[in-house]
Amino acid sequence: MNLQAQLFGPDLDWLSHTLARAEHVSSEKIVVLDDGAGLQLQDSGLLYLEPPADRPNPNNESLIVSAGVHGNETAPIEVLNNLLNELLHGKWQLACPALFILGNPPAMDAGKRFLDANLNRLFGGAHRKPEYRGLPEADRARLLENACKAFAAKHSTNLCHYDLHTAIRPSLREKFALYPFVEGRDIPDEQVDFLLEADVETLLLQHREGTTFASFSSSELGAESFTVELGKVRPFGQNDLSRFTGIANALRRRLQGEPPPKPDRASGQITVFEVVHEILNTGDSFRFHVPDGVANFTMYDPGTVIWEDDTTCYKVGDTPEGIVFPNRDVPVGQRVGLMIRPRS
Ligand SMILES: O=C(O)CCC(=O)N[C@@H](CCC(=O)O)C(=O)O
Ligand SMILES: [Zn+2]
């Protein structure tokens with residue numbers, strides 16, 4: 001039986017297996033590739049990869065790569081699945097330990113952002129809140145946290161986490177990364193070089209800790225973590241994967257332990273924004289004045305009213321501010337958008 005069949009069953013690859021068996025599966029079985037690398041399907045959409053013990057890890061690092069935390073953001077899922085297929089077919093060899101994650105298999109199967117609760121708001125222990133008790137997404141957040149903790153306990157040196165997404169709205173800056181807020185932490189130049197290598201030319205610095213997957217791995221595991229937005233949400237089969245070769249090539253290079261290429265753009269060439277305000281749905285009287293369909297990074301002049309309710313009116317401050325992730329269709333208490341400005 002070939003390796004793919006040993007891991008996923010006849011005629012299935014990781015993605016088709018995850019879609020077909022979106023419910024819990026787990027296995028202690030480690031499938032060993034011809035070159036000695038080991039793969040363990042720890043749960044549906046959760047794959048642990050370990051190089052042979054005697055192979056050098058030249059970049060001395062461990063990688064968590066996740067996609068499908070939002071089930072309808074399909075292009076990064078296809079990118080990750082294709083990287084795995086290449087590995088299984090011997091196209092390259094693994095040099096560093098890695099955890100590959102397809103975040104929300106039932107939502108992927110349904111073609112939806114989420115089923116009961118937004119998985120990317122349930123990390124950092126938020127899944128324990130009473131309102132989420134018993135929801136599959138809360139269980140999934142706990143399971144993914146535990147898997148990442150176990151991975152980090154075993155492979156703590158230079159742990160990095162790239163959580164790959166695509167955006168609902170068009171974007172004036174197609175690819176951008178969000179850097180979770182951790183007190184006193186600044187982004188290392190080599191991470192900026194990696195983002196540029198992946199064709200990600202815009203960086204957005206969060207202003208406070210959140211409950212996203214990247215925020216969890218950054219705060220609790222000490223990882224260098226990013227949410228990476230790579231384009232626009234499209235259903236399976238409708239992605240132009242030629243627009244995602246930057247991230248695919250950059251990740252493959254890291255997984256193989258190859259040295260970083262000589263950067264053709266210096267770290268200083270990334271455009272950096274900072275979050276100045278997080279817009280939350282405050283309830284019945286909340287009114288959001290950004291029209292549906294406005295592109296990410298659309299800028300507003302000082303004084304423009306962005307949202308208001310019966311007690312608050314948020315206006316753009318003294319310098320222009322932009323909107324990222326405008327989405328009025330979220331539950332009370334959740335994020336309707338981020339107001340951003342160029343880093344001062
Ligand atoms: O396009 C949108 O409105 C959402 C795209 C998306 O899923 N973005 C992430 C960003 C996470 C972060 O703030 O780091 C999300 O909303 O979960
Ligand atoms: Zn997303």
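Biologist: Hello! Which strand holds glutamate 229?

Modeller: Happy to help, and please keep in mind that this is a predicted model. Glutamate 229 falls within residues 224-232. That run of residues is strand S9.

Biologist: What does the UniProt record say about Glu229?

Modeller: The entry in UniProt is an unreviewed one, and one of its annotations covers Glu229. The name of that annotation is "active site".

Biologist: Is glutamate 229 buried or exposed?

Modeller: A residue counts as buried if 20 or more other C-beta atoms lie within 10 Å of its own. Glutamate 229 has 25 other C-beta atoms within 10 Å, so glutamate 229 is buried.

Biologist: Which residues does glutamate 229 touch, leaving out those up to four places away in sequence?

Modeller: With those sequence neighbours set aside, the list includes Lys175 and Phe176. The others on the list are His165, Thr166 and Ala167.

Biologist: Let's turn to the ligand. Which residues surround ligand 1?

Modeller: Among them are His165 and Ala167, and glutamate 229 also touches His165 and Ala167. Thr227 is in the shell too, along with His70, Asn120, Ile168 and Arg169. The list is completed by Leu178, Thr212, Ala214, Phe325 and Asn327.

Biologist: How many residues of the shell around ligand 1 are charged?

Modeller: The shell has five nonpolar residues and six polar ones. The charged class is left, and its count is one.

Biologist: Ala214 caught my eye. Which residues of helix H7 are buried?

Modeller: Helix H7 covers residues 213-221, and Ala214 is in the shell of ligand 1. Ala214 is also one of the buried residues of H7. The buried residues of H7 are Phe213, Ala214, Ser215, Phe216, Ser217 and Ser218.

Biologist: What do the buried residues of H7 pack against?

Modeller: One of the partners is helix H5 (136-154). Strands take part too: S4 (62-67), S6 (159-167) and S9. Glutamate 229 lies in that last partner, strand S9.

Biologist: What phi does glycine 222 take just after H7?

Modeller: Glycine 222 follows directly after helix H7, and its phi is positive. The value is about 70°.

Biologist: Now the overall layout. How far apart are the C-alpha centres of domain 1 and domain 2?

Modeller: Domain 1 covers 18-269 and domain 2 covers 279-342. The contact between them takes nine residues from domain 1 and 11 residues from domain 2. The distance between their C-alpha centres is 28 Å.

Biologist: Which strands stand at the edges of the open sheet S11-S13-S14?

Modeller: In this sheet of three strands the pairing is antiparallel. Two of the strands have a single partner strand each, so one side of each is left without a neighbour in the sheet. These edge strands are S11 (287-288) and S14 (313-315).

Biologist: Which residue in S14 stands opposite glutamate 308?

Modeller: Strand S13 (residues 305-308) is joined to S14 by three bridges, and the two run antiparallel. The residue opposite glutamate 308 is cysteine 313.

Biologist: Last one: which residues of strand S15 are buried on its two faces?

Modeller: Strand S15 (residues 321-324) is covered on both faces. Three bridges join S15 to strand S12 (residues 298-300), and three bridges join S15 to strand S16 (residues 335-342). The buried residues are Glu321 and Ile323 on one side, and Gly322 and Val324 on the other.

Key:
Residues are numbered from 1 along each chain as its sequence is written. Chains are lettered from A and ligands numbered from 1 in the order in which they are written. This is a predicted model: local features need pLDDT of at least 70, side-chain atom pairs count only at pLDDT 80 or more; totals for chains, interfaces and linings use all residues. UniProt positions are given in the numbering used here, feature names are shortened, and annotations may be inferred rather than shown by experiment. Helices (H or I, at least four residues) and strands (E, at least two) are DSSP runs, numbered from the N terminus. A residue is buried if 20 or more other C-beta atoms lie within 10 Å of its own, exposed if 12 or fewer, and partly exposed in between; C-beta atoms are placed from the backbone. Two residues are in contact if their C-beta atoms, placed from the backbone, lie within 7 Å. A residue is near a molecule or strand if its C-beta atom, placed from the backbone, lies within 6 Å of it. Ala, Val, Leu, Ile, Met, Phe, Trp, Tyr, Cys and Pro count as nonpolar, Asp, Glu, Lys and Arg as charged, and the others, Gly among them, as polar. Domain bounds come from an automatic or database domain assignment. Two strands pair if DSSP finds at least two bridges between them.
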